[in-house]
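Reader: I have a model open and would like to know how its descriptive labels are earned. Could you take me through a few of them?

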Amino acid sequence: MTDLEDLRVMLTGFRVSAALSVAAELGLSDELAGGPRDVGDLAAAVGADEDSLLRLLRALVTVGLYVEGPDRVFGSTPLGEGLRSDVPGTLRPLARMFQDGALWAAWGHLGHSVRTGENAFEALHGVDVWAHRRAHPERNEVFNAAMAAQSAAAAAAVVAAYDFSGAASVVDVGGGSGALLEAVLAANPALVGTVFDQAHALAVAPPQTADPSVAARRRTSAGSFFDEVPAADAYLLKLVLHDWPDDECVQILRTCRHSLLAGGAVLVVETVLDRPGHERFAAFSDLNMLVLPGGRERTEQEYAALLDRAGLRLAAVHHTTGRLSVLEARAQPA
């Protein structure tokens, strides 16, 4: 029976995801940052029905997010702190992303993708996920916040894994808020950098955490990485290629190859399939790419093949201490 109970937990895991997402949307962990609170007080603070909030909180107690004391008083746990807005690496923006019913519905269309190979989101909704987000600015804002939080959490690991000392300029391609570039510039005082992305994804102002030196060396540029990118010694493409099918990836890489300065590097920062210790995350992320943007996760060999088609060669792979790896590519000899 144990195996069946374990299977039951996996089958009903979407309930936990939904509950966590609602907790994040309501900001429960933020409200509990100052200490335990009565459920009535908490309901008033977040604009929720008291009885329904009680039921949500009790469910989240069972998965370790919160604790219940006497008289319907609830407090947060170390796990629940991860949904606070003000903690490093917060997962609140990621959890809030799943308040978008279009994403939930697309996952319900996974079977269609498996049977046909088509992207579930576009097959169901008639537009790709990027057009959906452009049409819903409030959802796009949450998505950008989730990507910024993810970049901030991974930035230190990427900086530690790769030596930028040979470069004078770097472009963070598809860099959004520029959290990764900020970390790279902070660790390399002689480096200048540009965040390049579509206009609706860019944070034009430097992050509030940026010191004056970083802010002075940081620029933004809007455009499409299918068309042109600013010239640089190094290009960072963090979690960009996994969003796209192979042909589109080759076009993005060719755009970077065309503008790459002599001796420069294209740095593909991705989760690599089959890397020991990260197999489960990578495999389910691969399904997420099938369902939402229509891309895929890849092995080192598959990335090497894409690079080769774009006139680049895989020179080295630098694994970070986390899930991401930095695939260093150089221009093929003329």
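Reader: Glad to start with Val-268: which residues does Val-268 touch, leaving aside those up to four places away in sequence?

Author: Happy to help; please keep in mind that this is a predicted model. Val-268 touches Leu-237, Leu-241, Leu-253, Tyr-303, Leu-307, Ser-325, Val-326 and Leu-327. Each of these counts as a contact because heavy atoms lie within 4.5 Å. Val-268 itself sits in strand 8, which covers residues 260-271.

Reader: What makes Val-268 count as buried?

Author: The cut-off for buried is under 20% relative accessible area. Val-268 has 1% relative accessibility, so Val-268 counts as buried. As for distance, Leu-314 is 46 residues from Val-268 in sequence, while their C-alpha atoms are 9.9 Å apart in space.

Reader: Let's move to a helix pair. Why is helix 4 called roughly perpendicular to helix 5?

Author: The axes of helix 4 (residues 39-46) and helix 5 (residues 50-62) cross at roughly 110 degrees and come within 9 Å. Angles of 65 to 115 degrees count as roughly perpendicular, so that is the label for helix 4 against helix 5. On the helix 4 side, the contact is made by Val-39, Gly-40, Leu-42, Ala-43 and Val-46. Helix 5 brings Glu-50, Leu-53, Leu-54 and Leu-57.

Reader: How many residues of each class does that contact of helix 4 with helix 5 have?

Author: Seven are nonpolar, one is polar and one is charged. Gly counts as polar here, and Glu is among the charged types.

Reader: Helix 5 brings me to the sheet. What makes strand 1 and strand 2 edge strands?

Author: The open sheet has three strands in the order 1-3-2, with antiparallel pairing. Strand 1 (37-38) and strand 2 (66-69) each pair on one side only, and they are the edge strands.

Reader: How do you know that strand 1 and strand 3 pair?

Author: Pairing needs at least two bridges found by DSSP. Strand 1 and strand 3 (residues 73-76) have two bridges, in the antiparallel sense. Arg-37, for one, has Phe-74 of strand 3 as its bridge partner. Helix 5 lies across strand 2 and strand 3, at about 115 degrees to strand 2.

Reader: One last helix: how do you know what span is expected for helix 15?

Author: The expected span is 1.5 Å times one less than the number of residues. For the 13 residues of helix 15 (279-291) that is 18 Å, and the helix reaches 19 Å from its first C-alpha to its last, close to expectation. Its buried residues are Ala-282, Ser-285, Met-289 and Val-291. Their cover includes helix 7, helix 8, helix 9 and strand 8.

Key: Residues numbered from 1 in each chain as written. Predicted model: local features only at pLDDT ≥ 70, side-chain atom pairs only at ≥ 80, totals over all residues. Heavy atoms only, no water. Helix = DSSP H or I, 4+ residues; strand = E, 2+ residues; numbered from the N terminus. Buried < 20%, exposed > 50% of the residue type's maximum accessible area, 1.4 Å probe, protein only. Axes fitted to C-alpha atoms, helices over the stretch in contact; angles between N-to-C directions. Parallel < 35°, antiparallel > 145°, perpendicular 65-115°, else oblique.
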